[in-house]
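This report introduces a structure to a reader who has not met it before. It begins with a term, moves to one strand and its neighbours, and ends with the whole chain.

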Amino acid sequence: MQDFAAIDFETANFERCSVCSVGVVVVRGGEIVDSFYSLIQPEPNYYHWRCTQVHGLTCADTDDAPVFSEVWKQIEPMIEGLPLVAHNAPFDKGCLMASFYTYQMDYPDYEFFDTLKAARRKFPHLPNHQLHTVSSACGYELADHHHALADAEACAWIAREIL
């Protein structure tokens, strides 16, 4: 795959619309040409301790952050015409769709590809197919797992290798 946008969301709680950060990496011609990261004020605006344990974000980090609809206005032109790629795409697509619904925005039915699904086919021998394991198998060491931009970068690397 040569042209796509890798995307990763982190959530504040177990509601898919509670996105609290997003990372996007744009790949054109097989090269990373742009990236974007933003904190997002989640909706509903509370953090479950288990989510905070995963990514380290709290209300203190996002209380002054923009809401999803404002952040998406910055992302939308970057990804126009590109398919989206995510590791465990049903989660990230679900977050995107739920956020569009929550903010009463028309969802443009983005095309999604899943590096997790592809990795299970390509690397059946791996002990697991978590993002950091698969990215390592593809020659990329993920240093800051569960930071949305770092995860999107790892996903982009994997997609260039196996999609």
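A residue is called buried here when its relative accessible area is under 20%, exposed when that area is over 50%, and partly exposed in between. The model discussed below is a predicted one.

With that cut-off in mind, strand β1, which covers residues 4-11, is mostly covered, since eight of its eight residues are buried. The side chains of F4, A6, D8 and E10 point one way from β1, while A5, I7, F9 and T11 point the other way, and all of them are buried.

Which strands does β1 join, and how do they run? Eight bridges join β1 to strand β2, residues 19-28, and the two run antiparallel. Two bridges join β1 to strand β4, residues 84-86, and these two run parallel. As examples of the pairing, F9 has V22 as its bridge partner in β2, and A5 stands opposite L84 in β4.

Helix α4 is another element that packs against these strands. The helix spans residues 89-102, and its 14 residues reach 19 Å from the first C-alpha to the last, close to the 20 Å expected at 1.5 Å a residue. An α-helix has 3.6 residues a turn, so residues three or four places apart point the same way. In α4 the buried residues include A89, D92, G94, C95, L96, S99 and F100. The buried residues of α4 pack against β1, β2, α3 (68-79), β4 and β5 (112-114). Just after α4, Q104 takes a positive phi of about 50°.

The buried residue F100 also leads to the aromatic side chains. A search of the whole structure finds eight aromatic pairs. The rings of F100 and Y107 have their centres 5.3 Å apart and their planes at 90°, and because planes over 60 degrees apart count as edge-to-face, this pair is described as edge-to-face. Y107 and Y110 also form an edge-to-face pair, with 5.8 Å from centre to centre and 80° between the planes. Ring pairs link F68, W72, F100, Y103, Y107 and Y110 into a cluster.

How accessible are the three residues of these two pairs? The table sets out their values.

| Residue | Relative accessibility | Class |
|---|---|---|
| F100 | 2% | buried |
| Y107 | 22% | partly exposed |
| Y110 | 12% | buried |

Because buried means under 20%, Y107 with its relative accessible area of 22% counts as partly exposed, whereas Y110, at 12%, counts as buried.

Turning to the whole protein, the secondary structure comes to seven helices and five strands, and from the N terminus on the elements run β-β-β-α-α-α-β-α-β-α-α-α. The radius of gyration is 15 Å, close to the 15 Å that the globule rule gives for 163 residues, so the protein is as compact as a globular protein of that length. Its C-alpha atoms fill a box of roughly 40 × 35 × 20 Å, taken along the principal axes. Buried residues make up 49% of the 163 residues. Among the contacts with a separation of 6 or more, residues 24 or more positions apart account for 63%.

Finally, there is a record to set beside the model. In an unreviewed entry, UniProt lists residues 3-163 for "domain: Exonuclease". In the model, the end C-alpha atoms of residues 3-163 lie 11 Å apart, and the span is 42% helix and 20% strand.

Definitions and conventions: Residues are numbered from 1 along each chain as its sequence is written. This is a predicted model: local features need pLDDT of at least 70, side-chain atom pairs count only at pLDDT 80 or more; totals for chains, interfaces and linings use all residues. Side-chain values use heavy atoms; hydrogens and water are left out. UniProt positions are given in the numbering used here, feature names are shortened, and annotations may be inferred rather than shown by experiment. Helices (H or I, at least four residues) and strands (E, at least two) are DSSP runs, numbered from the N terminus. Rings of Phe, Tyr and Trp (its six-membered ring) pair if their centres lie within 6.5 Å; planes under 30 degrees apart count as stacked, over 60 as edge-to-face and the rest as tilted. Buried means under 20% relative accessible area, exposed over 50%, partly exposed in between (1.4 Å probe, protein chains only). Two strands pair if DSSP finds at least two bridges between them. The expected span of a helix is 1.5 Å times one less than its number of residues. Contact means heavy atoms within 4.5 Å. The radius of gyration is taken over C-alpha atoms; the globule rule is 2.2 Å times the number of residues to the power 0.38.
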